[in-house]
Amino acid sequence: MMAQSSSKSCDICMNGAGNNYCKQCDQWMCENCKTLHLRSKICRNHSFLSESKIVPEESPLCKEHNENFIFYCVDCGIPICKMCIVKNHKNHYTSEINESTQELQVEVKKFMDSRIKCVKTNLDKIEQGTVKYQSDINEAICVITEDGKQMKQWIDQKVKALITSLEEKGTANLKALSLIRTDFQNDLEKFQKCQTAFTESQKLADVTKLLTQLKHIKSELDIAGEKQSPVMSTVKYYKKNVSEREIFILFGDLSFRKQSEKTLFRYQCDHCWEERLSENNPTSWPIHGRFLFLRWFFLKEEK
């Protein structure tokens, strides 16, 4: 056990000033004895404290009357002796110190258990909330991913439908144009034959034969007839100017919020340790217990 204060003289030589305290030997030594002490094999690892670094132990007696503490002043919150209660604390509310100590032990234990329970409850809440929050994140990611897949699927389906419609109608129109082209090619062949026959008829000297040939050529031309000019089909894709923002609007919105938007304050009585939730300071709450003055101290803000 550490000495309460330094010795007036060295505990070894009894001559020098004992300014060095050996923690292992519980002795005060002068500088010379300290040096000799550390040279010994069994003491070379001992540790010393200088007098300036040692805090004297508090005396268990009343400093003013040098008497044992036997009472506790509730009003002042300090232990007092039998002389103090007569002189300085005559009209104060006091109790026997052992009784007050036991009551304080119960209160401290109750308060300590309450705080530990509160902290453990909050830790459990954080743990459960963390698991739930991570689950919410994963669920939101799945929903967003599914939204994206669904929109991609719709886009792919629309692209495929447009291309299919274009190919089908395009094929039909090209086939119709091919048939019209064939008709005009057949007419061209007939007209070219008529042209050849007309050229040959110009060589005939017999007017009767020429007239007969010309009538035949004209008859062929009448049969073929004159067709109207074909109406050519056209195709064009009119692109819509869709902005990135318009695409983003198709998606849902993320919401980050706490479970309750109402702000409450948790308070605890420093005597009975009762806890209460309030939106304001508990100045109007009733007094608890036997103390004349009570404090309600703030624990935490809750959402």
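Where is Asp 26 found? I looked this up first in the predicted model.

**Entry: backbone angles**

I located Asp 26 in the loop between strand 1 and strand 2, the latter spanning residues 27–29. I noted its phi because most residues other than glycine have a negative value. Asp 26 is not a glycine, yet its phi is positive, at about 55°. I then checked the accessibility of Asp 26: the relative value is 34%, so the residue counts as partly exposed.

I recorded a second residue of this kind. Met 14 has a phi near 65°, which is again a positive value in a residue other than glycine. I placed Met 14 in the segment before strand 1, which covers residues 20–22. With a relative accessible area of 53%, Met 14 is exposed, because the cut-off for that class is over 50%.

**Entry: the chain as a whole**

I next listed the secondary structure. The protein chain holds five helices and nine strands. Following the sequence, I read their order as β-β-α-β-β-β-α-β-α-α-α-β-β-β.

How much of the protein chain counts as buried? I found 16% of its 303 residues in that class. The exposed area of the protein chain is about 24,700 Å², and I noted that carbon and sulfur atoms supply 56% of this area. I also looked up contacts in the protein chain with a separation of 6 or more: 41% of them join residues 24 or more positions apart.

**Entry: helix 3 against helix 4**

I described this pair by axis angle and axis distance, as is done for two packed helices. Helix 4 comprises residues 207–224, and it packs with helix 3 at an angle of about 170°, the axes lying 10 Å apart. Are the two helices roughly parallel or roughly antiparallel to each other? An angle over 145 degrees counts as roughly antiparallel, and I therefore entered helix 3 and helix 4 as roughly antiparallel.

I then listed the residues that meet. Helix 3 contributes Asp 187, Lys 190, Phe 191, Cys 194, Ala 197, Phe 198 and Ser 201. On the side of helix 4 I found Leu 210, Gln 213, Leu 214, Ile 217, Glu 220, Leu 221 and Ala 224.

**Entry: salt bridges**

Side chains of opposite charge can pair when their charged atoms come close. I counted four salt bridges in the model and recorded details for some of them.

I found Asp 113 in a salt bridge with Lys 109, where the closest N and O atoms are 2.9 Å apart. Because they stand four residues apart in helix 3, about one helical turn separates Asp 113 and Lys 109. Both partners are partly exposed: I noted a relative accessible area of 36% for Asp 113 and 49% for Lys 109.

Which residue does the side chain of Lys 132 meet in a salt bridge? The partner is Asp 136, at 2.8 Å from N to O. Lys 132 and Asp 136 are likewise four residues apart in helix 3, so about one helical turn lies between them. I entered Lys 132 as partly exposed at 49% and Asp 136 as partly exposed at 31%.

Lys 203 pairs with Glu 200, and here I read 3.7 Å between the closest N and O atoms. Lys 203 is exposed, with a relative accessible area of 63%, whereas Glu 200 is partly exposed at 44%.

**Entry: a nonpolar surface patch**

Which residues make the nonpolar surface patch of about 640 Å²? I listed Tyr 133, Ile 137, Ile 141, Ile 144, Leu 254 and Phe 256. I looked up two of these members individually.

Ile 137 belongs to helix 3, which runs through residues 97–201. Its relative accessibility is 33%, so I recorded Ile 137 as partly exposed.

Leu 254 lies in the loop between helix 5 (244–249) and strand 7 (264–269). I entered Leu 254 as exposed, given its relative accessible area of 60%. I also checked Leu 254 against Ala 140: the two are 114 residues apart along the chain, and their C-alpha atoms are separated by 8.5 Å.

How values were computed. Residues are numbered from 1 along each chain as its sequence is written. This is a predicted model: local features need pLDDT of at least 70, side-chain atom pairs count only at pLDDT 80 or more; totals for chains, interfaces and linings use all residues. Side-chain values use heavy atoms; hydrogens and water are left out. Patches are made of residues with over 30% relative accessible area and no salt bridge: like charges are joined within 9 Å, nonpolar side chains (Val, Leu, Ile, Met, Phe, Trp, Tyr) within 5 Å. Accessible areas come from the Shrake-Rupley method with a 1.4 Å probe; for residues, only the protein chains shown count as cover. Buried means under 20% relative accessible area, exposed over 50%, partly exposed in between (1.4 Å probe, protein chains only). Axes are lines fitted to C-alpha atoms, for helices over the stretch in contact, and angles run from 0 to 180 degrees between N-to-C directions. Angles under 35 degrees count as roughly parallel, over 145 as roughly antiparallel, 65 to 115 as roughly perpendicular and the rest as oblique. Contact means heavy atoms within 4.5 Å.
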